[in-house]
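Visitor: I've got the model up beside the sequence. Could you walk me round some side chains, one helix and a pocket?

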Amino acid sequence: MEQRCAERSSAALVDVFHDPTDRLRTAIGDASILASRSTSAALGATVTVSTPPADAFGLAYWLKPVLTHEFWNEDGFRNLPQSPKAAMTIVDLRAGGNVRYDAAEFDALNIYIPAEVLRSLADQIGAAQVQDLRVPDPWQTFDPFVTALEPSLLYMLDQKNDVEPLAAQHLMLSLVSHLAHRYGGMHAAPAALRGALSGARLRHAMALLADDLSLHMPLSEIAQLCQLSPSYFSTAFKRATGKSPSAWLMEQRLARAKDLLCRSDESLIDIALRCGFADQSHFTRCFTRAFGSAPGAWRRQRR
């Protein structure tokens with residue numbers, strides 16, 4: 001198989017996602033969705049389309065029927081059957097991807113979807129992360145939604161210099177959201193969680209709160225770092241965790257204090273200050289209220 005792939009890759013290679021100068025780039029956060037059109041008229045009827053391994057997925061949508069062709073990547077080699085017009089596939093590019101057309105007429109719409117875009121989208125709607133995009137019938141899947149978007153996608157590619165960036169972004173997000181839902185199992189969070197912090201912002205907020213328990217960063221400063229107002233931050237944090245920021249932080253302080261009581265010989269006042277309590281008396285009151293026993297007595301019972 002390695003020799004066969006080497007023979008095919010010895011021909012001129014074209015990366016249909018990154019090489020075309022007329023591709024459409026749509027920024028979504030720190031990543032970009034790339035759209036391009038590849039044709040035998042432009043590239044030649046005998047050509048190898050190659051994409052190096054990347055943390056991304058590639059959508060290929062046939063604008064006209066294509067005869068049998070070959071596909072290979074790090075996982076192996078396949079002879080592909082004839083694909084009719086409007087058939088599509090999604091390739092996991094973590095193993096790369098190569099397609100060889102041998103004297104075949106072809107016309108394809110190509111969409112490059114970084115995994116970072118899928119992660120960002122899942123965070124925005126409070127959904128679990130998409131691990132894979134898998135069509136039911138590779139190279140032979142028909143999707144009415146994608147077909148309905150075909151004229152708009154082709155128009156954007158043809159008139160990309162005149163297309164409003166926000167319109168392009170909305171169209172691409174519609175496409176990727178559909179693909180993530182239908183082929184990646186992504187579902188929006190239940191209505192009860194809407195308005196909660198997204199996964200990324202929640203992780204950032206928790207890291208800021210717990211970074212140094214001995215410090216007392218004002219809630220307004222944490223909200224500002226999360227690019228939210230203090231009132232919205234507090235409400236959204238509670239919707240996401242079931243606890244207010246102060247209650248969640250108290251849990252972290254008490255959990256850290258219990259760990260130090262078990263594993264160290266530090267004095268109660270030192271533990272209190274390391275964990276962000278005002279003094280030993282404050283530590284004792286909070287600990288006793290939470291666990292029904294004073295810190296000193298709790299430590300002795302476990303030694």
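**Contacts, a helix and a pocket**

Guide: Arginine 256 is partly exposed, with 28% relative accessible area. The label partly exposed covers what falls between buried (under 20% relative accessible area) and exposed (over 50%), using a 1.4 Å probe on protein chains only. This is a predicted model, where local features need pLDDT of at least 70 and side-chain atom pairs 80 or more, while totals for chains, interfaces and linings use all residues. Residues are numbered from 1 along each chain as its sequence is written, and side-chain values use heavy atoms, without hydrogens or water.

Visitor: Which side chain does arginine 256 meet in a salt bridge?

Guide: Its partner is aspartate 259, with an N to O distance of 3.1 Å. For a salt bridge, a side-chain nitrogen of Lys or Arg must be within 4 Å of a carboxyl oxygen of Asp or Glu. Aspartate 259 is partly exposed too, and its relative accessible area is 28%.

Visitor: And where do aspartate 259 and arginine 256 lie?

Guide: Both belong to helix 9, residues 245-263, and they sit three residues apart, about one turn of the helix. Helices (H or I, at least four residues) and strands (E, at least two) are DSSP runs, numbered from the N terminus.

Visitor: How many salt bridges does the structure hold?

Guide: There are 12 salt bridges. Another one joins aspartate 143 to arginine 182, whose closest N and O atoms are 3.6 Å apart.

Visitor: Which parts does the pair of aspartate 143 and arginine 182 tie together?

Guide: Aspartate 143 is in the loop between strand 11 (141-142) and helix 4 (144-158), while arginine 182 is in helix 5 (residues 165-184), so the pair ties together parts that are 39 residues apart in sequence.

Visitor: Is aspartate 143 buried or exposed?

Guide: Aspartate 143 counts as buried, at 1% relative accessibility. Arginine 182, on the other end of that bridge, counts as partly exposed at 45%.

Visitor: Nice. What does arginine 274 form a salt bridge with?

Guide: Glutamate 266 is the partner of arginine 274, and their closest N and O atoms are 2.4 Å apart. Arginine 274 has a relative accessible area of 39%, so it goes down as partly exposed.

Visitor: Which residues are linked in a network of salt bridges?

Guide: Take a look at Asp55, Glu116 and Arg119: those residues are linked in such a network.

Visitor: Back to helix 5, please. How many residues does helix 5 have, and how far does it reach?

Guide: Helix 5 has 20 residues, and the stretch from its first C-alpha to its last is 26 Å.

Visitor: Which residues in helix 5 are buried?

Guide: The buried positions of helix 5 are Ala168, Leu171, Met172, Leu175, Val176, His178, Leu179, Ala180 and Tyr183. If you colour those residues of helix 5 on screen, you can see the buried set along the helix.

Visitor: What does glycine 185 do just after helix 5?

Guide: Glycine 185 takes a positive phi there, of about 70°.

Visitor: Changing topic: pockets. How many residues line the second largest pocket, and which lie nearest its centre?

Guide: The lining of the second largest pocket has 16 residues, and Leu209, His216, Met217, Leu249 and Arg253 are the ones nearest its centre. On a 1 Å grid over the protein atoms alone, a pocket is an open set of points where a 1.4 Å probe fits, with protein on both sides within 12 Å along at least five of seven lines, and lining residues have an atom within 4 Å of a point.

Visitor: Which elements give two or more residues to that lining?

Guide: Helix 6 (199-210), helix 7 (219-225) and helix 9 each give two or more residues to the lining of the second largest pocket. The largest share there, five residues, comes from helix 9. Helix 9 is also the home of the aspartate 259 and arginine 256 pair we began with.

Visitor: And the largest pocket: which element gives the largest share of its lining?

Guide: Strand 8 does, with four residues of the lining of the largest pocket.

Visitor: Last one. What domains does the assignment give for the protein chain?

Guide: The protein chain is assigned domain 1 (1-184) and domain 2 (199-302), with bounds from an automatic or database domain assignment.

Visitor: What distance separates the centres of domain 1 and domain 2?

Guide: Taken over C-alpha atoms, the centres of domain 1 and domain 2 are 47 Å apart.

Definitions and conventions
The expected span of a helix is 1.5 Å times one less than its number of residues.
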